[in-house]
Amino acid sequence: MSNLGTNERVLRVAIVGSGPSGFYAADAVTKSELNVIVDMFDRLPAPYGLVRYGVAPDHAKIKNVTKVYERIADKENVSFFGNVTIGRDVSVEELKKYYDAIIFTNGAETDKKLGIPGEDLPGSYTATEFVAWYNGHPDYADHKFDLSQEVAVIIGQGNVAMDVCRILAKTVDELKTTDIAQHALDALVNSKIKEIHMVGRRGPAQTAFTPVEIKEFGELEDCNPVVKAEDMEINEASQEELADPKNMQKKKNYDRLKEYSELGEGAKSKKFICHFLKSPVELVGDGKVEKVILEKNALSGEANKQKARGSGEKEELACGLFFRSVGYRGLSIEGVPFHEQWGSILHEEGRVVDENNKVVAGLYTAGWIKRGPSGVVGTNKPDSEETVKHLLEDVASLTLCEIPDTSALLNILKEKKVRVVTLDDWKKIDVAEIENGQKIGKPREKFVSLNDMLAVL
Ligand code: NAP
């Protein structure tokens, strides 16, 4: 029986990633009866992960959740160490020397591909990079999107696709008081986009976005939603799906789309045009995207399990800007068992397992890197709690780490010339961003380069 978690020997937990699941995990660990220390690491100097770099700038209310995370970060036994990349600055093997348990909550940083010809042509982008760009993520600040085009096509009908469409659809007046990155706002001032086509491979009964998101398209200053009346005719299995109480959100989406289909085209200068039962099969263009070939689909299978199958019938849609928004994917970290196809860490209810399903002692995971890119911010709370419950159950059997001392690790990082950003450092950056934003009527102006963030310190 070990004395881990007692006054004699505090339980030392490292959390890799400081997004929502990282904070909920930190909260759950520190709420236990045990004597614990939680050190959170993030590769960026700023905490909050997707809340800062994923949630759309015009959805400020969702970002208020950072107030909860601030309180967690302020706990005496929680520390934040930003600007530290686990797997590069410190390997997982090295980290194990300093912590009894490690929870990976490093999210899903990249995106899924469509796997169609022409996907890599200039003018074809991923929603992931566009979202990161308008949110001021340092890795994407230099990206350029050709907004001189009039037609944009977005593949996918989830909430990320909706965010991309809405940012393209809004006027600068609608965005200028948000925390959108200034480089994005400047580019959007000159946007020529007139048509925004959202293309779903399944029908209006299988939308993956949420009702608030589709409602917003009826309230935009200078963009009308356009839905064809005939697209609202759905097969029997889809009708069955919509009658099922568990699909209440999809029913609300369907009703809203039906309402739009009865409005006609409208007179605003931009159009948000919904397409259903179509999949892109090729992107065509001479040196850049000029059109997308779409294949019409039919649904087959029983209710709630319907799949889209190509019918062979094709159509062309001329466009100069193309985004795929068909889901995020996690990236592997050396030393952590990973499922390449799923893009997530191998685990059993949050306990990391190897390819033979054997538990890897001391390693845990939570959030999108555990379960894949699904759910809203709050979904991560029960998910992280499940993981931490197992970690706490395992405490008696954990191997005590060799060097139970954070300052020893910080010294190593210093020797490696890594400028660790502490919570106090982050607070300085935070204040500077808020001040810079307030000068121009925004809630904050994010620093979009690591150097600018570190210069504040
Ligand atoms: P998502 O909700 O899983 O949606 C992915 C979409 O891509 C679905 O419409 C899916 O269609 C489609 N798709 C997948 N593979 C495809 C392919 N090969 N060809 C064509 N379409 C394909 O993912 P997401 O939009 O990336 O969002 C990730 C998570 O973040 C979601 O849980 C979302 O709700 C959440 N989120 C929430 C908010 C918010 O609360 N405001 C904002 C952004 C994101 P099928 O249904 O046919 O598979």
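**Close-up views of a predicted model**

**View 1. Ser124 sits in a short stretch of strand.** Ser124 is found in strand β6, which covers residues 124–126. Keep in mind from the start that this is a predicted model. With a relative accessibility of 12%, Ser124 counts as buried. A polar atom of the Ser124 side chain lies 2.6 Å from the backbone oxygen of Glu119. Setting aside residues up to four places away in sequence, Ser124 touches Gly118, Glu119, Leu283, Val289 and Phe322.

**View 2. The chain is divided into two domains.** Domain 1 takes in residues 11–109 plus 330–456, while domain 2 covers 111–327. Measure up the layout like this: the C-alpha centres of domain 1 and domain 2 lie 31 Å apart. Where they meet, 24 residues of domain 1 are in contact with 26 residues of domain 2.

**View 3. The largest nonpolar core has 49 residues.** Start with Phe130, Tyr134, Ile154, Leu168, Phe272 and Phe323, which touch the most other members of this core. Helices and strands that each supply at least two residues include α6 (127–134), β7 (151–155), α7 (159–169) and α9 (182–189). Also on that list are β8 (195–199), α12 (248–261), β10 (270–275) and β14 (321–324). The top contributor is α7, which gives seven residues to this core. Where does this core lie with respect to domain 1 and domain 2? Both domains give residues to this core, so it lies between them.

**View 4. Ile154 and its contacts in the largest core.** Zoom in on Ile154, one of the residues that touch the most other members of the largest nonpolar core. Leaving aside neighbours within four places in sequence, Ile154 is in contact with Ala161, Val164, Cys165 and Leu168, among others. The contacts of Ile154 also include Ile196, His197, Met198 and Val199, along with Phe323 and Ser325. There is a second, separate core too, with 40 residues, and Tyr24, Leu391, Val395 and Ala432 are among them.

**View 5. Helix α7 is largely enclosed by the rest of the structure.** Why say enclosed? Nine of the 11 residues of α7 are buried, so the rest of the structure largely encloses this helix. The buried residues of α7 are Ala161, Met162, Asp163, Val164, Cys165, Arg166, Ile167, Leu168 and Ala169.

**View 6. Two cysteines, Cys165 and Cys274, without a disulfide.** The sulfur of Cys165 has its closest cysteine sulfur in Cys274, 7.9 Å away, and that is too far for a bond. Looking from the other side, Cys274 is in no disulfide, and its nearest cysteine sulfur is that of Cys165. Are these two residues buried or exposed? Cys165 counts as buried at 0% relative accessibility, and Cys274 counts as buried at 4%. A search of the whole structure turns up zero disulfides.

**View 7. The ligand has 22 residues around it.** Which of them come nearest? Those are Asn159, Arg201, Arg202, Glu213 and Gly375. The side chain of Asn159 has an N or O atom 3.0 Å from an oxygen atom of the ligand. For the side chain of Arg201, an N or O atom is 2.7 Å from an oxygen atom of the ligand. With Glu213, the ligand atom is a nitrogen, 2.8 Å from an N or O atom in the side chain.

**View 8. Asn304 and Glu349 are two loop residues with positive phi.** Asn304 is not a glycine, yet it has a positive phi of about 70 degrees. Look for Asn304 in the loop between β12 (291–300) and β13 (307–318). Asn304 is partly exposed, with a relative accessible area of 36%. Glu349 is not a glycine either, and its phi is positive at about 50 degrees. The place to find Glu349 is the loop between β18 (347–348) and β19 (351–353). Glu349 is partly exposed as well, at 43% relative accessible area.

**View 9. Pro404 meets residues from far back in the sequence.** Pro404 lies in the loop between α14 (380–394) and α15 (406–415). Pro404 and Arg12 are 392 residues apart in sequence, but their C-alpha atoms are 7.1 Å apart in space. Apart from neighbours within four places in sequence, Pro404 is in contact with Arg9, Arg12 and Tyr98. Pro404 is partly exposed, with 43% relative accessible area.

Technical notes
Residues numbered from 1 in each chain as written. Predicted model: local features only at pLDDT ≥ 70, side-chain atom pairs only at ≥ 80, totals over all residues. Heavy atoms only, no water. Core = buried A, V, L, I, M, F, W, Y, C linked by side-chain atoms within 4.5 Å. Buried < 20%, exposed > 50% of the residue type's maximum accessible area, 1.4 Å probe, protein only. Helix = DSSP H or I, 4+ residues; strand = E, 2+ residues; numbered from the N terminus. Domains from an automatic or database assignment. Contact = heavy atoms within 4.5 Å. Disulfide = S-S within 2.5 Å. Near = heavy atom within 4 Å. Polar contact = N/O pair within 3.5 Å; in protein donor to acceptor, adjacent residues only side chain to side chain.
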